[in-house]
Protein chains: 2
Amino acid sequence: MKTYVYPKSQALFERATKVIPGGIYGHLGPSNGCFIPVSAYPFYLSRAEGAYMFDIDGNKFIDYMCAYGPNILGYNHPEVDAAAAAQQKLSDVTTLPGSKMVELAELLVDTVDSADWAFFAKNGGDVTSLAVMTARAATGRKKIIKFKGGYHGVAPWTQAYGNPGILQEDVMEVITIPFNDLEALSLAVDANPGQIAGVIATPYHHPALADNALPEEGFWQGVRDLCTEEGIVLIIDDVRCGFRLSVNGSDAYYGFEADLICFCKGLANGYNISALCGKEEFKGAVSSVFYTGSYWLSAVPMAAALKTIELLKEMDGPAIMRRLGLRLTKGLEEAAQKKGFNLRVTGEPSMWNMRLTDDESGILHQKWVSECVRRGVFFCNHHNLFINTAMTDKDIDFTIEVAEEAFDVLKREGR
Amino acid sequence: MKTYVYPKSQALFERATKVIPGGIYGHLGPSNGCFIPVSAYPFYLSRAEGAYMFDIDGNKFIDYMCAYGPNILGYNHPEVDAAAAAQQKLSDVTTLPGSKMVELAELLVDTVDSADWAFFAKNGGDVTSLAVMTARAATGRKKIIKFKGGYHGVAPWTQAYGNPGILQEDVMEVITIPFNDLEALSLAVDANPGQIAGVIATPYHHPALADNALPEEGFWQGVRDLCTEEGIVLIIDDVRCGFRLSVNGSDAYYGFEADLICFCKGLANGYNISALCGKEEFKGAVSSVFYTGSYWLSAVPMAAALKTIELLKEMDGPAIMRRLGLRLTKGLEEAAQKKGFNLRVTGEPSMWNMRLTDDESGILHQKWVSECVRRGVFFCNHHNLFINTAMTDKDIDFTIEVAEEAFDVLKREGR
């Protein structure tokens with residue numbers, strides 16, 4: 001099997017470092033330890049289609065990062081793009097909203113169990129922050145409980161004191177406890193009587209650079225009961241899982257109801273939109289928060305979201321992704337075993353996490369992942385991966401074949 | 001002249017209130033006091049083109065709100081839309097960036113005087129918050145000075161304690177002083193020796209519901225000198241003015257250089273993108289801040305921004321908007337005088353503010369604005385207005401004609 005090289009990506013990255021801090025920003029760049037070894041990865045794409053992306057050196061990859069989630073129906077989905085283009089011809093960002101905004105809110109209310117209303121913004125972090133402000137406005141309390149390793153964006157309250165640019169004041173009213181730990185939650189609530197405004201959590205635990213964890217039996221019911229008893233607003237950050245586990249909300253998938261639920265990545269197949277939805281009793285509180293943005297009335301992403309949700313419902317997208325994810329993760333585990341390695345798969349199959357446990361340092365896993373990337377299977381080692389509905393059984397077969405060859409390289413090179 | 005009515009807008013708004021908090025969110029809705037009297041305004045659009053928008057009742061308006069700024073070349077500009085559509089066929093939100101990101105950063109560095117680098121996000125508030133975090137990371141200091149009435153988005157640090165959802169901790173390191181007041185700035189710096197991380201300001205003062213103010217002679221040079229002496233990061237929030245006053249940055253327009261400069265609304269003719277640019281010495285600090293978002297690699301808005309900036313430079317868009325704005329504001333002042341009223345125009349001509357001073361309560365001004373709206377000239381009474389390059393002298397003539405008729409209504413109704 002031919003292995004890829006990236007001379008054009010590397011040259012463009014050199015050019016980029018002159019005019020972009022870090023060359024590529026956020027956690028996405030090659031200079032931040034996420035894509036290691038750097039030589040194994042492309043940096044820039046020329047195009048993408050369906051399950052695939054093509055880098056500027058002409059290499060083709062099955063993309064299991066799915067743009068970190070937004071690619072849920074396949075890149076450049078013709079029906080979604082047609083709906084967006086039709087709206088673009090009419091209007092996008094305008095002084096007043098279009099009627100698509102009302103239609104999309106109605107569709108979310110019809111589709112998501114815990115949604116009595118919807119509010120639209122541009123980023124997951126826009127709506128997790130709005131949810132926290134709404135919980136504070138609704139309760140008149142200050143403190144927020146979150147779970148260790150849970151990711152809710154980059155706003156100061158989500159970060160740790162000591163991170164560059166973050167003040168102690170930014171995080172002093174945020175309490176962090178372990179996921180799946182009802183006792184820790186009870187203790188935190190008891191230690192701060194009448195002071196907890198909200199609990200924010202992802203529907204299951206999908207931290208970076210660590211095994212993922214599904215909610216334990218009774219966990220969500222316990223959280224829900226405690227929040228109800230204590231008048232605490234239960235916020236579900238469904239930015240990453242939303243519409244991949246269930247079109248009805250990941251709270252519904254796990255058998256409970258959130259008070260506020262945050263959507264973003266799965267909502268519009270990549271068109272730029274996020275949404276906060278919630279229960280009727282918080283409609284006044286969310287209205288009272290001063291919150292707006294330059295492009296939040298954009299009609300094009302709303303048209304794309306309407307079509308994306310319609311298609312996901314029609315085809316039962318979450319079931320398709322679950323089936324493909326189960327087949328793939330089972331195949332990868334078997335490939336590892338066959339070649340004498342141990343692969344631990346955690347999380348939900350449609351957005352699984354994996355690591356080789358033969359080497360706790362993670363270096364062996366990095367090496368295996370990078371040998372897959374060099375052969376056209378884009379995995380990363382620091383984050384859960386994603387399935388989309390454009391992937392096929394043939395893609396899964398090819399991926400397993402590549403994974404086996406990558407294991408052979410590890411064996412050949414004496415691990 | 002026929003006056004407009006809005007039965008379809010009003011019916012859709014009734015429907016919207018069921019599923020959207022406040023019906024239309026942010027400061028944009030009819031229920032928040034910005035569009036008064038409510039009966040004078042449409043709520044929902046069917047389409048927009050060039051200088052115009054069309055509501056769902058079929059009424060046509062010259063839109064002087066320009067989507068609160070993003071409409072700078074005219075709605076649905078054919079060349080910008082073609083550049084965006086061409087990129088959409090290749091890719092938009094993907095796992096890795098496209099080469100357009102590098103090209104756009106290079107173009108901004110070439111175009112904006114104080115830009116040695118660029119970082120892209122989705123909203124003005126994304127980059128004003130990043131600028132503040134960068135100032136804190138660069139200096140190791142906590143306090144930020146801003147100007148009373150200055151708008152920098154909706155993040156908690158920009159708001160006031162007492163606003164719903166805002167904690168005292170959110171704003172306790174923010175000092176607010178009057179614009180154009182160098183003495184107040186000196187006093188604030190002296191009172192907090194070695195503690196001021198940054199000063200953030202719009203290039204001129206354009207608060208809502210108040211006269212706007214240009215920088216007084218020597219103000220910016222004084223601010224710049226003090227910041228340089230004290231090691232304070234000077235942040236210019238050019239979200240609203242950027243590319244309307246000058247393609248080189250509004251700091252250049254007023255003859256000084258910012259350390260960090262925030263762009264958004266004028267950048268891509270409505271496609272969803274914002275940018276933080278800055279001086280070389282802050283490249284390390286901005287890289288050190290953990291900051292990323294779900295759609296921040298979107299290639300389509302980057303392609304749109306490349307074309308928008310190219311066109312604005314080619315045609316000298318700021319000069320066109322200044323000329324039209326001067327003609328319009330002069331015409332409106334004369335129309336007022338001719339009809340026995342006094343109109344005070346403040347701010348820059350391409351994004352002027354105005355109010356009738358015959359009645360300090362603002363009710364007369366509201367009435368005049370609403371009579372303009374009912375005749376197809378979309379003004380608002382709470383915010384500066386905007387010119388775009390698609391407007392023509394014929395539009396200005398029509399606007400002045402409508403303004404005169406609206407003054408006649410005020411006279412007829414005994415003010």
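Q: In which sense do strands β2 and β3 of chain A pair, and over how many bridges?
A: Strands of a sheet pair through backbone hydrogen bonds, and the sense is either parallel or antiparallel. In this predicted model, β2 (residues 52–55) and β3 (residues 60–63) of chain A are antiparallel, with three bridges between them. One residue pair to look up is A:Tyr52, whose bridge partner in β3(A) is A:Ile62.

Q: What is the strand order of the open sheet in chain A?
A: The order is β1-β2-β3-β13, which makes four strands with mixed pairing.

Q: Which strands of chain A are the edge strands?
A: An edge strand pairs on one side only; here these are β1 (45–49) and β13 (377–378) of chain A.

Q: How many bridges join β1 and β2 in chain B?
A: Four bridges join β1 (residues 45–49) to β2 (residues 52–55) of chain B, and the two strands run antiparallel. B:Glu49 has B:Tyr52 as its bridge partner in β2(B). The hairpin of β1(B) and β2(B) has two residues between the strands, and B:Gly50 takes a positive phi near 60° there.

Q: What turn and shift lay chain B on chain A?
A: A turn of 180° with a shift of 0.0 Å along the axis does so, at an RMSD of 0.0 Å. The axis is therefore a two-fold one. Both copies use the same surface: 100% of the contact residues of chain B recur in chain A.

Q: Which residue of chain B comes closest to the rotation axis?
A: B:Glu169 does, with its C-alpha at 2.7 Å from the axis.

Notes:
Residues are numbered from 1 along each chain as its sequence is written. Chains are lettered from A and ligands numbered from 1 in the order in which they are written. This is a predicted model: local features need pLDDT of at least 70, side-chain atom pairs count only at pLDDT 80 or more; totals for chains, interfaces and linings use all residues. Two strands pair if DSSP finds at least two bridges between them. Copies are superposed by least squares on the C-alpha atoms of residues with pLDDT of at least 70 in both. Two residues are in contact if their C-beta atoms, placed from the backbone, lie within 7 Å.
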